[in-house]
Amino acid sequence: MVFGMGVATLATSAPSAGLEVPEIHPNIVLIYADDLGYGDTGCYGATRVQTPAVDRIAAEGLRFTDGHAAAATCTPSRYALLTGEYAFRRRGTGVLSGAAGMIIEPGRPTLPSLLKRAGYVTGVVGKWHLGLGDGNVDWNSEIKPGPAEIGFDYSFLIPATGDRVPCVYVENARVVGLDPADPITVSYGKRVGGDPIGAEHPELLKMHPSHGHDRTIVNGISRIGYMSGGQAARWVDEDMADTLTRKAVQFVEQRADKPFFLYFAYHDIHVPRVPHPRFVGRTEMGPRGDAIAQLDWCTGQILSALDRLGLAENTLVLFTSDNGPVVDDGYRDDAVARLGDHRPAGPFRGGKYSRYEGGTRVPLIVRWPGRVQPGVSDALVCQVDFLASLARLAGQPLPAEAGPDSFDVLPALSGESPKGRDHLVEHAGGLALREANWKLLPSAGGARVLQTVNIETGAGDSSQLYDLGADPGERHNLASTQPDRVRAMTERLESLRAAGRTRPNL
Ligand code: NG6
Ligand code: CA
């Protein structure tokens, strides 16, 4: 059956179409890597790390060359992924501390809540980083609001990031393994408890910071922020990938008679990069390369589980990353020295934190055997579009207020159409605009290079205009030769921002 026909049939046929329902409501597994760059996997050109599982998704699926995260850092990117709204529209959606309250309002339509309404069982396993609680969270009782309040039936979380306290897992709103006699306190202001901190006790560290990351030591690694208590609940970084993968596989195994949506958000390859010993030395690139090998193993476990359970044919797998790559993101893990000729951002300029393409252009692959033709697509698509596209796939109409910037690009994701969006706002603090292959970076203040991470931000005193068709690396600024285009794109970007929403056909 032609993929699009199935969707069209759903829209026009009676809801009691019987056997057709499971056929057109596939399970959805969204695999979300952290800080994995465009060039970090074999199917996107890497040669110094082997990624057979990710490459298998690409060989059996549709690999995008112009797929984007919605922002160049984690929190805004994930906010847009789950709400279908560009994060720049909302204050407080920058990189969050581990003490922040949840930034997605309970009750608003989200990717999981829409799928849940369509009859899916929904689960999130892995990195959250969207805040938990009401801003004054008590880690020793029920942690609300959280994923359950925005549509997830099940959750097993790293609350913020691997490098931020609290370093404990939260399963269905409770810290896992917490001893009530050893309560957890978390602070991003004044020091709490008597735990040693990295700044004072470097001799206790097995992984040293290169910048920041010098507060409470957990598992021999100093973190951002202070925590005390919860000793029995603290995670072991080396076991994190195994723990998360086990939970993800269990979620897939425990599915009921309903389709499921699993949002599996890896910690890898974010810092601190501390892969399990069996991956240490897999590559010559040190922990950053070894973390990619570990990430690939996790991916293979998910694919194997789908095969084993006979679910591969009826499961749409999406593989992507939350933002572009960074090499030294704050720990001395040898990533810079051992990078060699590996190009984390592939042919693109910049990386994480950057308005250049390396900031948001990430791996994006869709696999749905028998429905999505394997191949390569150059369509412009963004994760902010997953909400509208997957809601349509699930036959779930969008309420008017849902996904204000989410476009239905299902024809592009399925490979039926070579066209995705006609434009995209790229967000890295400041904004940039894509229109087809044109890229505009309006003038912006601030540092041109973030020295600590050695990444070009895209800031500059005057506008930059690039033709990515001829110049994917954004080297030849055409702004002075095309003032009319610069003016038109600058005005369009301003009107897209001012409009408050961009989704058409409301
Ligand atoms: C930065 C951290 C960096 C990383 C980032 C968030 C320092 C010096 N740097 O502030 O290590 O945690 O925040 O990354 O603290 S993200 O992928 O979750 O957005
Ligand atoms: Ca990230």
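Which arrangement do the six donor atoms around the calcium ion (ligand 2) form? The close-up views below, taken from a predicted model, address this site and a helix contact.

**View 1. Donor atoms around the calcium ion (ligand 2).** The arrangement is irregular, because the six donor atoms subtend angles of 51 to 175°. For six donors to count as octahedral, opposite donors must be over 155 degrees apart and all others between 65 and 115. The protein donors are Asp34 (OD), Asp35 (OD), Asp322 (OD), Asp322 (OD) and Asn323 (OD1). These protein donors lie 2.2 to 2.7 Å from the calcium ion.

**View 2. Sequence positions of the residues that bind the calcium ion (ligand 2).** Along the chain, the donor residues follow the spacing D-D-x286-D-N. Asp35 belongs to the loop between strand 1 (27-33) and helix 3 (52-60), and Asn323 to the loop between strand 13 (315-321) and strand 14 (364-367); the pair therefore ties together parts that are 288 residues apart in sequence. Asp35 is buried, its relative accessible area being 1%. Asn323 is likewise buried, at 0% relative accessibility.

**View 3. Contact of helix 3 with helix 7 (residues 287-308).** The axes of the two helices come within 7 Å and cross at roughly 55°, which makes helix 3 oblique to helix 7. On the side of helix 3, the contact involves Pro52, Ala53, Val54, Arg56 and Ile57. Their partners in helix 7 are Leu295, Asp296, Thr299, Gly300, Leu303 and Asp307. Classified by residue type, the contact comprises six nonpolar, two polar and three charged residues.

How values were computed:
Residues are numbered from 1 along each chain as its sequence is written. Chains are lettered from A and ligands numbered from 1 in the order in which they are written. This is a predicted model: local features need pLDDT of at least 70, side-chain atom pairs count only at pLDDT 80 or more; totals for chains, interfaces and linings use all residues. Side-chain values use heavy atoms; hydrogens and water are left out. Donors are N, O and S atoms within 2.8 Å of the metal (3.2 Å for Na, K and Ca); water is not among the atoms, so sites may look incomplete. Four donors count as tetrahedral if all angles lie between 85 and 135 degrees; four count as square planar and six as octahedral if opposite donors are over 155 degrees apart and all others between 65 and 115; anything else is irregular. Helices (H or I, at least four residues) and strands (E, at least two) are DSSP runs, numbered from the N terminus. Buried means under 20% relative accessible area, exposed over 50%, partly exposed in between (1.4 Å probe, protein chains only). Axes are lines fitted to C-alpha atoms, for helices over the stretch in contact, and angles run from 0 to 180 degrees between N-to-C directions. Angles under 35 degrees count as roughly parallel, over 145 as roughly antiparallel, 65 to 115 as roughly perpendicular and the rest as oblique. Contact means heavy atoms within 4.5 Å. Ala, Val, Leu, Ile, Met, Phe, Trp, Tyr, Cys and Pro count as nonpolar, Asp, Glu, Lys and Arg as charged, and the others, Gly among them, as polar.
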